[in-house]
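Colleague: Before I rely on the descriptive words used for this model, I should like to see the grounds for each of them. Could we go through them in turn?

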Amino acid sequence: MQFKSQAVAKPYFIAAIALFVGQILFGLIMGFQYVVGDFLFPEIPFNVARMVHTNLLIVWLLFGFMGAAYYLIPEEAETELFSPRLALITFWVFLAAGALTVVGYLAVPYATLAEATGNNMLATMGREFLEQPLPTKIGIVVVALVFLFNISMTVLKGRKTSISLVLLLGLWGLAVFFLFSFYNPSNLVLDKYFWWWTVHLWVEGVWELILGAMLAFVLIKITGVDREVIEKWLYVIIAMTLITGIIGTGHHYFWIGTPEYWQWFGSVFSALEPIPFFMMTVFAFNMVNRRRREHPNKAATLWALGTGVMAFLGAGVWGFLHTLAPVNFYTHGSQITAAHGHMAFYGAYVMVNLTMISYAMPMLRGRSANSPSAQVLEMWSFWLMTVSIVFITLFLTAAGILQIWLQRMGETPMSFMAAQDQIMLFYWLREAAGFVFLLGLVLYIWSFFKKGEVQTAA
Amino acid sequence: MTIDTITPDEILATPPGDLAIWFFIFAELLAFGVFFVAYAFARAHNVELFDESQRQLDISSGAINTLVLITSSYFMVRAVAAIKQGLSRVCARWIAAAIALGGIFLAIKLVEFHDKFSAGISLSTNTFYMFYLSLTIFHFMHVILGMVILAAVMLKARRGGYSAQNHTDVETGASYWHMVDLLWIILFPLVYVIH
Amino acid sequence: MDATQRTRFIRPCTYVWLLLMLLTVTTYLIGEAGLGGIAVMLAVLGTAAVKVQLVAGYFMGLRRTRWLWRGIVLGWLLLVTGLITIAYLTAIK
């Protein structure tokens, strides 16, 4: 750690991991409800478990991004953070808002929550991923603005590097596109149309910039490759991401009532979306192969390489599988989507956060890397989580193919629930893989407490 | 890289201009390539409709625009040649001429768009017009982007910001501009002529 | 770059420019005459391919670079024009 104020990243990382645990627990509850429908009913109905699972995911990723920014920006700008106090205040505000929201989801029926939080004044609730009550949404905007103010001021007074500029662009984009969550036209097609401006332009647009910047930062640190080389790659990847990702929004507009030309726009541009992810994989491996130093933190290197591979597989390959309009005609909203969602979120955004935490946490605790035995444990957690997410994806893909076959093709298509009964086996297997994932996560957390001989950071 | 010593016979390790622009150019080629191929296969499913709609296009303005872009591209070759001799002002003038021709291209294209839109044609009219409009509008925006890049280079050249030794930006802008020309060279016969 | 080098740099490009103009006029005349069929299609597409190679080689200067860079553009050109040809031939059947 080169600057004292980088320490504010620590609570963000700890909160991120804590919420990650919550996300996985609710995932397991939900996965079990797939096979035993009335498990925990009426205390935690399926729709609530799902909402908590996805919302916790987003909130912990945001905590991770913010922590990463607070760690990365001072080091890139070569100056102390504009206001570490502001960063700590927003941390507690954001954590409290997130916790209250989850308590709200669990304690009262969603309709009651909506009524109590002013949804009748400005209706923004009830849409996937954007279920948060109005006060939470406003809170997110306020926290985001204070956060952006803090890091932008830091960059303005310090050194301006490509990495921090790309990160800032991504984070500002994140805040700007969130504003579409307040726009909720009563026409269902228009509602969905603009809903994607938040959801798609986040995960297939501005978040990729954040991902690229975080990965580039860690790669510079652990490989010692020239900044110029890494920055050039970063620019090319980002240009490709934006060319393909923005119009690629069209792949969500198939069969929902939008004009037909979206089938062409969506198919062509999103078919190219794997390219930036592939370039990211090549980038990560290339930089590690050209490394000029042997960084003691092997676990962080493994996470960085894993991010490249898994983001390409999950977002690139599994996305491409069902992105062409004629294919999507059958796969739209099936378990194929769930398979893609799991591997893409894990491979791209979960892993890049874990890469950053793996690199930065030891530094924040005053050493360049954890002890070898702790790193071995962490690498075990890497493989357990990664392999189990691969299996979850494969089981869900199998479930999806069978579901599509039974429910949407053939002479006598089955009803939705009848088809679900037929794919139960895959849901059981997925749940089992989910427990392996939890085990991996427990090992990950354990690795932080594992003692051993450590090198102190320079 | 010392450009001044390079003769036409020497082999360069990388193409003229910043290497990053070349990755960008290849990405653009790929995106347009996919669109060109999609057009051809969509046509194969609906030959009569495509041929019928294609006949309503104005081949003359498409051909004139090809000549305009090719000439504009050639002017950029002259601009690069000028700066290689260290002639900043001459270079800036050639770039200005290239930008002016880009403006003529846009004007002709706007007349075409105006004709089509006032005839009530839109992206939803039929598959041919969907392709015609999206391909040409997509290309149109690339012409604008190219002109912006060239304008930035021209202003710096006019201020004497480049020399015979140091002029990567000029080549970068020229390379992008040639790509815009290159894409139109395929787009014009594909969409206006071949049936 | 001295005067001889300048001439060697510009003169081929000037010829290419004139050739490109000529080829464009040919394509235009074929289009105005409304000609169609496999032979015309192949001729027009082939003309476009030649023009692309000329622009890439001379204007973009790829003929003075390593084969890798020329290969990428040539490969792209062959792939795109090849697939377009296949699409047109399937339509004729």
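The conversation below takes up the fold of one chain, a pair of helices and the contacts between chains.

Modeller: This is a predicted model, in which local features need pLDDT of at least 70, side-chain atom pairs count only at pLDDT 80 or more, and totals for chains, interfaces and linings use all residues. Residues are numbered from 1 along each chain as its sequence is written, while chains are lettered from A and ligands numbered from 1 in the order in which they are written.

Colleague: What makes chain A as compact as a globular protein of that length?

Modeller: The secondary structure of chain A comes to 16 helices and zero strands (DSSP runs, H or I of at least four residues for helices and E of at least two for strands, numbered from the N terminus). The globule rule, 2.2 Å times the number of residues to the power 0.38, gives 23 Å for 458 residues, and the radius of gyration of chain A, taken over C-alpha atoms, is close to that at 22 Å, so the description holds. Along its principal axes, the C-alpha trace spans about 70 × 45 × 45 Å.

Colleague: How many of the residues of chain A count as buried, and by what criterion?

Modeller: The share is 51% of the 458 residues. A residue is buried if 20 or more other C-beta atoms, placed from the backbone, lie within 10 Å of its own.

Colleague: Why is H1(A) called roughly antiparallel to H16(A)?

Modeller: The axes of H1(A), residues 9-35, and H16(A), residues 424-449, cross at roughly 160 degrees and come within 9 Å. Angles run from 0 to 180 degrees between N-to-C directions of lines fitted to C-alpha atoms over the stretch in contact. Angles over 145 degrees count as roughly antiparallel, and therefore the name applies to this pair.

Colleague: Which residue classes make up that contact?

Modeller: The contact of H1(A) with H16(A) has 16 nonpolar, three polar and two charged residues. Among the participants are Phe20(A) and Gly27(A) of H1(A), and Trp428(A) and Glu431(A) of H16(A). Asp, Glu, Lys and Arg count as charged; Ala, Val, Leu, Ile, Met, Phe, Trp, Tyr, Cys and Pro as nonpolar; and the others, Gly among them, as polar.

Colleague: Which chains are in contact, and which do not touch?

Modeller: Contact requires C-beta atoms, placed from the backbone, within 7 Å. Of the two pairs of chains in contact, B and C share the most contacts. Chains A and C do not touch, with their nearest C-alpha atoms 14 Å apart. In the contact between chains B and A, 13 residues of chain B meet 14 residues of chain A. On the chain B side, H1(B) gives the most, with nine residues.

Note on methods. Parallel < 35°, antiparallel > 145°, perpendicular 65-115°, else oblique. Buried ≥ 20, exposed ≤ 12 C-beta atoms within 10 Å, placed from the backbone.
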